[in-house]
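Trainee: I would like a close look at one part of this protein, the places where metal is held, and then a careful walk outwards from there into the rest of the fold. Could you take me through it in one connected answer?

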Amino acid sequence: MAAQREWYEKDYYQVLGVAEDATPKDITKAYRKLARELHPDKNPGDAAAEERFKEVSAAYDVLGDDTKRGEYDEVRRLGPMGGMRGPGGPGGGIRFNVGDMGGAGGFGDILGNMFGRRGAPGGGGGAGPRRGSDITAVLTVDFADAARGVETTLFLTTDAQCSTCNGTGAKPGTSPRVCGNCGGRGVVDDNQGFFSFSTPCPVCGGQGNVIDEPCPTCHGRGIEQRPREVKTRIPAGVKDGQTIRLKGRGGPGRNGGPNGDLLVELKVTPHERFGRRGNDLTVTVPITFAEAALGGEIDVPTLDGPTVTLRLRPGTQSGSRHRVKGRGIATAKATGDLIVAVEVAVPSELSDDQRAAIEQLAAATTVNPRSALT
Ligand SMILES: [Zn+2]
Ligand SMILES: [Zn+2]
């Protein structure tokens, strides 16, 4: 159970020194680096480092977990009360720290319970706007599409606002009624002398309203699973394992809250001929011994479009790399090159003429390439 007040007050992103839209990979990287630097074994007797180490661990405990991170972002955005009124809120009362209360059954528990009720029946009333959940999808794109960018359609079955009840959760023709116990606030006050606590309303479960006849499609959740299509453009130059965030294309928001995001994780299938290093494309091209020794022009395949001519100098070495400018991946920011590795192909069979010519070459060869080794 999480201490929401603590989440609200601590900027874990800042603790780890990462941006709020940092990828899970970046977060793990930042955490590992800090954990290594601050580890107590490395800083014996340094109380400040130990404190920092604990902070960093606590931050990663939340940000390193997709679910917890989503909840944390929500708490940071909506405040620890999730938009409900409570102590310190517009309802008045005394502002106090969770840390001061301590013990089981403290303030942290109450807040934790409120947040444990995501996706429960809802609509209007005491529960404030809620952002929809982020949804992750995996998209496989082939090498060439990843290189040049592609317009694509994702077919997903995800949470969507229930079409039967328009998200109210109530049977068509009926509507949720304001909870009589809490007057729609979603919380009830529990006066204990000097302090006034707010606890989630036990009748409506903190939602502020009650559904007498639940919608038959969504059983009161206001959400149903629906297939949907999301058209999107994958930009040129995306990499295998990269995640693209499509703002507002995730789960539906509740009570006027914004939609979540759709996170598209890309799997790029390898190409049989081309490889990639950043925006550069790589290709290996066989050449004959004669082309390597005498030099010449060879045709080199490109990923898009016709072949290009590569001029080889006399004495070109097998395995050497040659750059063809501007024939790599063109992204919005930069255009890469095509890196051609040439490899001398040795014939496995020789005609009589070829054999005779090579024997002549052997006889005329005066330099032993292994002389430096012996
Ligand atoms: Zn419904
Ligand atoms: Zn109520």
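Mentor: What follows begins with the metal sites and then moves to the sheets, a few single residues and a helix.

Please keep in mind throughout that this is a predicted model.

Let us begin with the zinc ion (ligand 2), whose protein donors are the SG atoms of Cys179, Cys182, Cys201 and Cys204, lying 2.2 to 2.3 Å from the ion. The angles that these four donor atoms subtend around the zinc ion (ligand 2) run from 101 to 117°, and the arrangement is therefore tetrahedral, since that label asks for all angles to lie between 85 and 135 degrees. Read along the sequence, the donor residues of the zinc ion (ligand 2) follow the spacing C-x2-C-x18-C-x2-C. The pair Cys182 and Cys204 links distant parts of the chain, 22 residues apart: Cys182 sits in the loop between strand 3 (177-178) and strand 4 (187-192), while Cys204 sits in the loop between strand 5 (195-200) and strand 6 (209-210). Cys182 and Cys204 are both buried, and Cys201 counts as buried too, because its relative accessible area is 1% and the limit for that word is under 20%.

The zinc ion (ligand 1) has as its protein donors the SG atoms of Cys162, Cys165, Cys215 and Cys218, lying 2.3 Å from the ion. Its four donor atoms make angles of 103 to 117° with one another, and the site of the zinc ion (ligand 1) is tetrahedral. Here the donor residues are spaced C-x2-C-x49-C-x2-C in sequence. Of these donors, Cys162 is classed as buried because its relative accessibility is 1%, and Cys165 is classed as buried because its relative accessibility is 6%.

With so many cysteines in view, a biochemist will naturally ask about disulfides. A disulfide is a covalent bond between the sulfur atoms of two cysteines. Taking a pair of cysteine sulfur atoms within 2.5 Å as the criterion, the count of disulfides in this model comes to zero.

From the metal sites we can turn to the sheets. One is an open sheet of three strands in the order 1-9-8, with mixed pairing. Strand 1 (135-142) and strand 8 (243-246) stand at its edges, and because each has a single partner strand, one side of each is left without a neighbour in the sheet. From one strand to the next, the twist of this sheet averages 30°. The mixed pairing can be followed strand by strand: strand 1 and strand 9 run parallel and are joined by eight bridges, whereas strand 8 and strand 9 (residues 262-269) run antiparallel and are joined by four bridges. As particular examples, Thr140 stands opposite Lys267 in strand 9, and Ile244 has Val264 in strand 9 as its bridge partner.

In a regular strand the side chains alternate between the two faces of the sheet. Strand 1 displays this alternation, with Ile135, Ala137, Leu139 and Val141 pointing to one face and buried, while Thr136, Val138, Thr140 and Asp142 point to the other and are not buried. In the loop between strand 8 and strand 9 lies Pro252, which is buried, because its relative accessible area is 14%. Pro252 and Gly132 are 120 residues apart in sequence, yet their C-alpha atoms are 4.6 Å apart in space.

There is also an open sheet of four strands, in the order 10-11-15-14 and again with mixed pairing. Its edges are formed by strand 10 (275-277) and strand 14 (321-324), each with a single partner strand, so that one side of each is left without a neighbour in the sheet. Direction ignored, neighbouring strands of this sheet are turned by 35° against each other on average. Strand 11 (residues 280-287) and strand 15 (residues 338-344) run parallel and are joined by seven bridges, and Val283 stands opposite Val340 in strand 15.

Two helices complete the walk. Helix 9 (residues 289-294) contains Ala290, which is partly exposed because its relative accessibility is 40%; from C-alpha to C-alpha, Ala290 and Pro314 are 9.2 Å apart in space and 24 residues apart in sequence. Helix 10 (residues 352-364) has 13 residues, which at 1.5 Å a residue should span 18 Å, and its end C-alpha atoms are indeed 18 Å apart, so the two values agree. Helix 10 is hardly covered, for the count of buried residues among its 13 residues is zero.

Technical notes. Residues are numbered from 1 along each chain as its sequence is written. Chains are lettered from A and ligands numbered from 1 in the order in which they are written. This is a predicted model: local features need pLDDT of at least 70, side-chain atom pairs count only at pLDDT 80 or more; totals for chains, interfaces and linings use all residues. Side-chain values use heavy atoms; hydrogens and water are left out. Donors are N, O and S atoms within 2.8 Å of the metal (3.2 Å for Na, K and Ca); water is not among the atoms, so sites may look incomplete. Four donors count as tetrahedral if all angles lie between 85 and 135 degrees; four count as square planar and six as octahedral if opposite donors are over 155 degrees apart and all others between 65 and 115; anything else is irregular. Buried means under 20% relative accessible area, exposed over 50%, partly exposed in between (1.4 Å probe, protein chains only). Two strands pair if DSSP finds at least two bridges between them. Axes are lines fitted to C-alpha atoms, for helices over the stretch in contact, and angles run from 0 to 180 degrees between N-to-C directions. The expected span of a helix is 1.5 Å times one less than its number of residues.
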